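Got the model open in your viewer? Here is a short tour, stop by stop, with what to select and what to look for.

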Amino acid sequence: MRQHSGDDGAPGAPPRVSVVVPVWNGERYLRESLDSILGQTFGSIEVLVVDDASTDRTEEIVRSYGQAVRYHRQPLKRGIYGNANDGIAMSRGEFVAIYHADDVYAPTIVEREVTFLDRYPQCGAVFSSMIMMDPSGAETGRLVLPPEVTGDRPLPYAVVLNAMLRHKNRFLMCPSSMVRASVYRAVGVYRNDEFLNTSDLDMWLRISREYPIGVLEQPLFRYRFGHGNSAQKYHQLRTEPERYFSIVDLHLQQGGLDVAAAEALSAHEAHRSEDALMRAIKAYVLDRLDESRRILHEVRPARIVRSRHVQRTRLMLIYLGLQLLVRLPRLPLVARAMSWRWAERRRLMRGPRPAFTNG
């Protein structure tokens, strides 16, 4: 049951906040997520579930909430952010929060995010920190925010971009986003056809280029990982370059270089070499030795050594070991150990390891 804060607005007035919940075949966790959203302390809220042509019990679950939840079913699958775009277009609120159908939200997240945007009218969006949990709901880690984005304050584009270059996107957590509806109208839609499930990163950079944004330090939602969500499926045994780099490179070309610090750009290149090293490992696991050798040539050891924002010693030991392995016939026992270390264990336990402390 929703607990109201008293900020319900005038009778018949549109809600201040539209919480859009895109979902596809979400029956396993949808009710837990919706219960947490409907239990918010902020009263002036509408909840809109946009169903991307699910084939499970998603519709039945949503309709069981009656008038408490608006429901829209897509006739055909639109993709993650195509579905989100349609939800934004249907929303009526001053602020639009896109929350996820498999995550669990603290009862104060909407209130805290609205308070921030009211306090800083120049800001276009706000996010929060998070707790990581496994499929059963047990805590496995907590997000560690880079120090340059802490303080619950407006962050200009230069701060956001340089933090991104140094740390990758380990602080703008999509499932916590709240954006002014006017900002979405100004910057345009998520580019789902171009960037697929990483379209959110492009959106945050487009917004932050035009408006300050904020990141609340308090973890206000629990992010579920390890159950086959889109982020996990994308990263597991991926051998093509991470789309993160093409998006950030595009924004660097579109004016980001004017505000990028030299050491942040150096960290960006170190992360690129780290990504190539991980891809080479995955190609080895997949028994594609020629591809593993080719990808390994993309690794630039000097870039790794020069940056303090990657685990230099660890990565160099992995690089040297893999240089030896790709010159030998593939060793199945080693490949299985690699698969466990860099695919299965991360899937089951923690997700993107460098961003979190142990729970």
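Before the first stop, a word on helix axes: each axis is a line fitted to C-alpha atoms, for helices over the stretch in contact, and angles run from 0 to 180 degrees between N-to-C directions. Keep in mind, too, that this is a predicted model.

**Stop 1: α8 and α10.** Select residues 199-210 for α8 and 243-253 for α10; their axes come within 10 Å and cross at roughly 20°. Angles under 35 degrees count as roughly parallel, so that label fits α8 and α10. The crossing itself is right-handed. Now show side chains: α8 brings Leu201, Asp202, Leu205, Arg206 and Arg209 to the contact, and α10 answers with Tyr244, Ile247, Val248 and His251.

**Stop 2: α11 and α14.** Next, pick residues 262-285 (α11) and 312-325 (α14), which pack at an angle of about 40° with axes 11 Å apart. This pair is therefore oblique, and its crossing is left-handed. On the α11 side, look for Glu274, Leu277, Met278, Ala280, Ile281 and Tyr284; on the α14 side, Arg314, Leu315, Ile318, Tyr319, Leu322 and Leu325.

**Stop 3: α4.** Select residues 109-119. Which residues of α4 are buried? They are Ile109, Val110, Glu113, Val114, Phe116 and Leu117. These residues sit on the same side of α4, because they cover an arc of only 155° around the axis.

**Stop 4: the cores.** Stay with Val110 and add Met178 and Trp204: of the 82 residues in the largest nonpolar core, these three touch the most other members. Zoom in on Met178 and display what it touches beyond four places away in sequence: Val17, Phe95, Val96, Ala97, Tyr99, Val110, Glu113, Val114, Leu117, Gly124, Ala125 and Val126. There is also a second, separate core of 25 residues, with Tyr284, Leu296, Val326 and Ala335 among them.

**Stop 5: Ala158.** Jump to α5, residues 157-167, and click on Ala158. Is Ala158 buried or partly exposed? Its relative accessibility is 31%, so it counts as partly exposed. Now add Ala260: the two C-alpha atoms are 6.8 Å apart, although 102 residues separate the pair along the chain.

**Last stop: zoom out.** With the whole protein in view, you have 15 helices and 10 strands. Of its 359 residues, 55% count as buried. Among contacts between residues at least 6 apart in sequence, 77% join residues at least 24 apart.

Conventions. Residues numbered from 1 in each chain as written. Predicted model: local features only at pLDDT ≥ 70, side-chain atom pairs only at ≥ 80, totals over all residues. Heavy atoms only, no water. Buried < 20%, exposed > 50% of the residue type's maximum accessible area, 1.4 Å probe, protein only. Helix = DSSP H or I, 4+ residues; strand = E, 2+ residues; numbered from the N terminus. Arc of directions from axis to C-beta. Core = buried A, V, L, I, M, F, W, Y, C linked by side-chain atoms within 4.5 Å. Contact = heavy atoms within 4.5 Å. Parallel < 35°, antiparallel > 145°, perpendicular 65-115°, else oblique. Left-handed = near helix turned anticlockwise from the far one by under 90°.
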